[in-house]
Amino acid sequence: MAGELKIEIIRRETIKPSSPTPSYLKGFKLSLLDQLSPAVYGPLVLFYPKNDVVTSEQRSHQLKKSLSKTLTLFYPLNGRLIDKTIDCDDEGAQYFEAKFKGHLSTFQEQPEPETLKRFLPAESFSPTAGTRPLLLVQATLFDCGGLAIGICMSHKLADATTVGIFLKSWAATSNGQAHQILPDLNAASYFPPKDVSLERAKVELSKSQSVNVVKRYVFDASKVSALKVIAASSSVQRPTRAEVVTALIWKCTMAAIALNSGSPSKHFVLSQAVNIRKRVDPPLPENCIGNLVGNVSTQTNNHTSDLQALVTQIRKGLTEYTQNRAKRLRGDDAFQVIFEQYKEMGELMRRDDLHLMISTSLCNFGLYEVDFGWGKPSWVTIPTGTYNNLVTLIDTREGGVEAWVCLSKQDMAFFERDPELLAFSNTSIPNSAL
């Protein structure tokens with residue numbers, strides 16, 4: 001975006017729950033999976049165009065009032081994290097109101113990663129993510145009447161699905177829906193916390209010390225459909241959007257690394273975060289909040305594998321994870337399964353004899369349905385950090401896929417020129433057209 005970005009914080013306040021938390025709910029236990037999750041904030045930003053019926057100020061007031069009611073349902077978000085327990089003391093969530101000197105449509109034409117972070121109320125790696133506040137919200141008002149809602153929720157309590165559940169519940173409260181979306185707060189009963197040392201199994205994320213570059217690639221619906229045709233095989237007859245886009249990005253990343261290093265013999269690993277709610281047996285409630293995520297690893301030594309082969313490997317890894325690990329998570333050896341998968345992930349992240357790419361997908365989360373009462377968002381996105389070799393996928397409004405890719409500066413120089421990547425993606429499609 002040309003020119004200096006001007007976002008000014010004009011108001012800071014604490015939004016407390018509309019009703020006090022009962023005394024018997026004051027001590028909320030984290031699940032074992034929450035214990036093992038990193039103390040970082042999970043970010044998300046939703047952009048809404050101008051509404052001719054309500055003013056920006058009225059929308060902000062409505063957001064705060066409905067947020068207060070929603071926090072009563074999601075009462076752990078009001079508290080303070082102490083070891084394996086949240087003290088639900090009703091201190092509330094932090095709410096920021098900001099002004100953007102410019103128009104939403106102009107900004108959306110060329111969004112930059114560093115610019116997007118300004119719409120968030122906190123840094124992902126802020127130390128407060130491990131204590132309090134566990135939820136922060138920033139409502140940014142544009143000169144044109146547009147609105148951006150930035151969310152930061154602590155990963156110690158919430159995965160991406162939890163953020164989506166919270167947003168849908170908040171929106172339903174705001175727009176007056178009769179049917180409330182209620183969270184299931186029983187993750188600790190499914191995966192009880194442990195007092196034993198878990199240091200070897202913890203996955204710790206930290207800011208990269210290398211010079212990395214984050215770029216956005218948009219795969220419109222027609223290009224994704226074309227990729228599905230190419231990637232389909234007898235093994236995977238109907239690949240998903242996330243599978244084909246992930247496979248293409250992984251393929252182009254491996255090619256870039258081989259060109260940059262001059263050595264094609266490197267070992268490559270793809271690690272994907274998957275929602276386990278429906279994969280465990282019996283399945284968990286779909287509105288269960290917490291870090292209900294598993295890690296699926298796929299490995300290859302062949303950086304020249306075609307899309308069919310990579311999609312087949314990705315699907316095989318997911319199937320094996322579901323059968324060999326997820327199905328055991330409701331059994332007697334759940335602790336062993338969880339400990340092993342986190343320990344394995346931590347070891348992969350510490351090894352320097354392989355290239356690890358971490359991928360996460362928010363596709364099919366229904367985030368474009370989040371309507372607070374003034375219409376659906378024109379754009380929903382994830383301002384990613386600069387964690388090396390990280391890929392984040394999310395829907396576009398018209399059924400395509402938006403990918404944020406973070407690579408080293410040297411690898412990105414080769415990646416961004418890959419002809420196959422450029423044939424299926426675009427970096428400059430205006431978001432207003434998505």
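**Exercise 1. Which residue forms a salt bridge with Arg216, and how far apart are the closest N and O atoms?**

Some ground rules come before the solution. This is a predicted model, in which local features need pLDDT of at least 70, side-chain atom pairs count only at pLDDT 80 or more, and totals for chains, interfaces and linings use all residues. Residues are numbered from 1 along each chain as its sequence is written, and side-chain values use heavy atoms, with hydrogens and water left out.

*Solution.*
- Step 1. Apply the criterion: a side-chain nitrogen of Lys or Arg within 4 Å of a carboxyl oxygen of Asp or Glu.
- Step 2. The partner is Glu402, with the closest N and O atoms 3.4 Å apart.
- Step 3. Place the pair. Glu402 lies in strand β15 (residues 401-408) and Arg216 in strand β9, 186 residues apart. Helices (H or I, at least four residues) and strands (E, at least two) are DSSP runs, numbered from the N terminus.
- Step 4. Check accessibility. Buried means under 20% relative accessible area, exposed over 50%, and partly exposed in between (1.4 Å probe, protein chains only). Glu402 is buried at 0%. Arg216 is buried at 5%.

**Exercise 2. Locate the salt bridge of Glu416 and say what it ties together.**

*Solution.*
- Step 1. The side chain of Glu416 meets that of Lys215, at 2.4 Å from N to O.
- Step 2. Glu416 sits in the loop between α11 (409-415) and α12 (419-424), and Lys215 in strand β9 (residues 212-219), so the bridge ties together parts 201 residues apart in sequence.
- Step 3. Glu416 is partly exposed at 27%. Lys215 is partly exposed at 30%.
- Step 4. Add another pair: Asp333 and Arg328 form a salt bridge at 2.8 Å, N to O. Asp333 is partly exposed at 26%, and Arg328 is partly exposed at 28%.
- Step 5. The structure holds 20 salt bridges.

**Exercise 3. Sort residues of helix α7 into buried and exposed, then describe its packing on α8.**

*Solution.*
- Step 1. In α7 (residues 221-231), Val224, Leu227 and Ala231 are buried.
- Step 2. These residues span an arc of only 55 degrees around the axis, which puts them on the same side of α7. The arc is that of the directions from the helix axis to the C-beta atoms.
- Step 3. Recall the helical repeat: an α-helix has 3.6 residues a turn, so residues three or four places apart point the same way.
- Step 4. Ser222 and Val229 are exposed on the other side of α7.
- Step 5. The buried residues pack against β9, α8 (241-261), α9 (307-324), β15 and α12. Contact means heavy atoms within 4.5 Å.
- Step 6. The axes of α7 and α8 are 9 Å apart, at an angle of about 80 degrees. Axes are lines fitted to C-alpha atoms, for helices over the stretch in contact, and angles run from 0 to 180 degrees between N-to-C directions.
- Step 7. α7 and α8 are therefore roughly perpendicular (65 to 115 degrees).
- Step 8. Val224, Leu227, Lys228 and Ala231 of α7 meet Arg241, Val244, Val245 and Leu248 of α8.

**Exercise 4. Find cis peptide bonds and residues with positive phi.**

*Solution.*
- Step 1. The bond from Arg132 to Pro133 is cis, with omega near 0 degrees. Pro133 lies in the loop between α4 (113-116) and β7 (135-142).
- Step 2. The bond from Asp281 to Pro282 is also cis.
- Step 3. Asp90, not a glycine, has a positive phi of about 65 degrees. Asp90 is buried at 12%.
- Step 4. Asn389 has phi near 60 degrees. Asn389 is buried at 10%.

Key:
Angles under 35 degrees count as roughly parallel, over 145 as roughly antiparallel, 65 to 115 as roughly perpendicular and the rest as oblique.
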